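User: I am new to this structure and would like to go through it by question and answer. Please keep the replies short and give the reasoning.

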Amino acid sequence: MNLLYNFYTNPYFYFKNDASLPNVNSVEIVSHPATIKYHLLSDQWDNIFSCLNKLKVTNIKNCGLHFHFNKSAFNDTQLASLDYFINSDKSFLENIGGRKLNTFCKLFRKPLSEYGRQTSDRYVALNLKNKNTVEMRFFNSTVDFLTFKERLMSAFALCEFARKYNSLCSDVQTNQQNYLKCFEKIKNKIMN
């Protein structure tokens with residue numbers, strides 16, 4: 001744990017215990033808000049993942065990686081578009097999230113006019129119940145830094161997709177192609 005001690009005073013991260021984790025020694029790592037460039041180009045995550053690997057930390061099966069985004073970054077149509085797209089194709093969502101959907105991150109289909117509105121359940125793939133944030137709950141946890149980076153870019157690509165395209169007006173295949181364009185755009189922008 002001495003390796004992790006250096007991170008306890010880091011203003012970028014904090015650690016907490018989560019009652020949903022099965023082991024008393026389980027740790028949840030939480031970052032403070034930052035841009036995608038900061039997340040991917042700063043050495044903060046690289047340091048944390050190096051430390052986890054030195055400690056031989058392993059993933060807990062079905063443990064999630066949650067990404068929060070400011071609700072204020074979306075207008076009502078964009079939020080509805082994001083909600084609809086995330087809930088439209090289970091296999092596609094499981095593929096980009098690297099996780100089988102379960103009781104902690106399930107799809108929530110609803111009438112078209114209800115997309116973008118919160119549900120009474122927070123354990124859905126896209127949780128809109130938080131007052132100020134949109135929470136993506138369908139990504140699998142990882143101790144591999146490259147996998148983490150890809151999942152983070154996927155989450156940002158979903159936000160970009162929602163701001164650029166209206167998925168309520170397009171078929172699922174077109175939406176998926178448009179999402180992949182957003183993912184490639186973010187990847188090229190960050191990595192170049």
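**Aromatic pairs and strands**

Analyst: In this predicted model, Phe 156 counts as buried, because its relative accessibility is 17% and the cut-off for buried is under 20%.

User: Is Phe 69 buried or exposed?

Analyst: Phe 69 has a relative accessibility of 11%. Buried means under 20%, so Phe 69 counts as buried.

User: How many aromatic pairs does the structure hold, and what is the angle between the planes of Phe 69 and Phe 156?

Analyst: The structure holds 16 aromatic pairs. Among them is the edge-to-face pair of Phe 69 and Phe 156, with 5.0 Å centre to centre. This pair links distant parts of the chain, with Phe 69 in strand E3 and Phe 156 in helix H6 (residues 145-164), 87 residues apart. The angle between the planes is 85°.

User: Why is the pair of Phe 92 and Tyr 179 described as it is, and which term applies?

Analyst: The ring centres of Phe 92 and Tyr 179 lie 5.7 Å apart. Planes over 60 degrees apart count as edge-to-face. The planes of Phe 92 and Tyr 179 are at 90°, so the pair is edge-to-face.

User: Which helices hold Phe 92 and Tyr 179?

Analyst: Both residues are buried: Phe 92 has a relative accessible area of 15%, and Tyr 179 one of 2%. Their pair links distant parts of the chain, 87 residues apart. Phe 92 is in helix H5 (residues 90-97), and Tyr 179 is in helix H7 (residues 172-191).

User: In what order do the strands of the open sheet stand?

Analyst: The open sheet is formed by 3 strands with antiparallel pairing. Strand E3 (64-70) and strand E4 (126-127) each pair on one side only, which makes them the edge strands. E4 pairs with strand E5 (residues 133-140) over 2 bridges, and Asn 127 stands opposite Glu 135 in E5. The order is E3-E5-E4.

User: Which side chains of strand E1 point to one face and are buried?

Analyst: In a regular strand, side chains alternate between the two faces of the sheet. Strand E1 (residues 13-16) shows such alternation, with Tyr 14 and Lys 16 pointing to one face and not buried. The side chains that point to the other face and are buried belong to Phe 13 and Phe 15.

User: Which residue of E2 stands opposite Phe 13?

Analyst: E1 pairs with strand E2 (residues 28-31) in the antiparallel sense, over 4 bridges. Opposite Phe 13, in E2, stands Ser 31.

Notes:
Residues numbered from 1 in each chain as written. Predicted model: local features only at pLDDT ≥ 70, side-chain atom pairs only at ≥ 80, totals over all residues. Heavy atoms only, no water. Pairing = 2+ DSSP bridges. Phe/Tyr/Trp six-rings, centres within 6.5 Å; stacked < 30°, edge-to-face > 60°. Buried < 20%, exposed > 50% of the residue type's maximum accessible area, 1.4 Å probe, protein only.
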